[in-house]
Amino acid sequence: MAPVKISHVVSFSSQDPKYPVENLLNPDTQKGPWLSCPQDKSGQLKVELQLERAVPIGYIDVGNCGCAFLQIDVGRSSWSLDRPFVTLLPATMLMSLTDSKQGKNSSGVRMFKHGKEGKRGRGGEVFEKENRGYQCC
């Protein structure tokens, strides 16, 4: 299955002016990663992305730049606002505690494939076609 384009950013928690969240929209450019604002000391970044269309999710490739943990929740833009996203990828460690503290191995790509880390929600529902994703790292 071909990669699906991210249509736009719905919301985000923080961004560095030099490395804004819009960098996620076109990962093929050399603009750099999306980073938090230097003054943000929460230690957590969140983004809600709109995909160009609803698609079955078979795999996700994630480029990492200093993120120790990642969780991916998905949903549909047609859902009511009070309906929560469902977890596609439970909180997953991308960096060890030692690497995180020492700033080592802070970049790379992880691939998550259907049937391994996720694909079923906490209630057992199967993700067939999603068009909105929420990432927390």
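Contact here means heavy atoms within 4.5 Å. Keep that in hand for the exercises below, and remember that this is a predicted model.

**Exercise 1. Get the overall layout**

Work out how many helices and strands the protein chain has, and in which order they come.

Solution.
- Start with the count: the protein chain has one helix and seven strands.
- Next, walk along the sequence, and the pattern reads β-β-β-β-β-α-β-β.
- Now for burial: of the 137 residues in the protein chain, 31% are buried.
- The accessible surface is about 8,800 Å², with 52% of it belonging to carbon and sulfur atoms.
- Finally, look at contact range. Take the contacts between residues at least 6 apart in sequence: 65% of these join residues at least 24 apart.

**Exercise 2. A buried acid**

Find where D99 sits, and say which side chain of opposite charge is nearest.

Solution.
- Locate the residue first: D99 belongs to helix α1, which covers residues 97-102.
- Then check for a partner. D99 is buried but has no salt bridge, and the nearest side chain of opposite charge is K104, 6.2 Å away.
- Why doesn't that pair qualify as a salt bridge? The rule asks for a side-chain nitrogen of Lys or Arg within 4 Å of a carboxyl oxygen of Asp or Glu, and K104 is 6.2 Å from D99.
- Last, list the contacts: setting aside neighbours within four places in sequence, D99 is in contact with K104 and N105.

**Exercise 3. Follow the contact to N105**

Take N105 from the previous list and describe its backbone, its location and its exposure.

Solution.
- Backbone: N105 has a positive phi of about 50°, although it isn't a glycine.
- Location: N105 is in the loop between α1 and β6, the latter being residues 107-113.
- Exposure: N105 counts as exposed because its relative accessibility is 57%, and the cut-off for exposed is over 50%.

**Exercise 4. Hunt for charge and ring interactions**

Count the salt bridges and the aromatic pairs, then look for a charge over a ring.

Solution.
- The salt bridge count comes to one.
- That bridge links R53 with E52, and the closest N and O atoms are 2.9 Å apart.
- Is each partner buried or exposed? R53 is partly exposed, at a relative accessible area of 43%. E52 is also partly exposed, at 45%.
- Searching the whole structure for aromatic pairs gives zero.
- There is a charge over a ring, though: R83 lies over the face of W79, at 3.7 Å from the ring centre.

**Exercise 5. Two residues that share A68 as a reference**

Compare how M93 and L97 are placed relative to A68.

Solution.
- Begin with M93, which is in strand β5, residues 86-93.
- The C-alpha atoms of M93 and A68 are separated by 5.8 Å, with their positions 25 residues apart along the chain.
- Not counting residues up to four places away in sequence, M93 touches A68, F69 and R110.
- With 46% relative accessibility, M93 counts as partly exposed.
- Move on to L97, which is found in helix α1.
- The C-alpha separation of L97 and A68 is 7.8 Å, and the two are 29 residues apart along the chain.
- L97 is exposed, given its relative accessible area of 59%.

**Exercise 6. A loop glycine and a strand glutamate**

Place G32 and E48 in the fold, and decide whether each one is buried, partly exposed or exposed.

Solution.
- G32 is found in the loop between β1 (6-12) and β2 (46-55).
- G32 has 35% relative accessibility, so it counts as partly exposed.
- Its contacts, leaving out residues up to four places away in sequence, are Y19 and N23.
- For a distance check, the C-alpha atoms of G32 and C65 are 9.5 Å apart, and these residues are 33 apart along the chain.
- E48 lies in strand β2.
- E48 has a relative accessible area of 12%, so it is buried, the cut-off being under 20%.
- The C-alpha atoms of E48 and H8 are separated by 9.0 Å, with the two residues 40 apart along the chain.

Key
Residues numbered from 1 in each chain as written. Predicted model: local features only at pLDDT ≥ 70, side-chain atom pairs only at ≥ 80, totals over all residues. Heavy atoms only, no water. Helix = DSSP H or I, 4+ residues; strand = E, 2+ residues; numbered from the N terminus. Buried < 20%, exposed > 50% of the residue type's maximum accessible area, 1.4 Å probe, protein only. Lys, Arg positive; Asp, Glu negative; His and termini not counted. Areas by Shrake-Rupley, 256 points an atom, 1.4 Å probe, with all protein chains shown as cover. Phe/Tyr/Trp six-rings, centres within 6.5 Å; stacked < 30°, edge-to-face > 60°. Lys NZ or Arg CZ within 6 Å of the ring centre and 35° of its normal.
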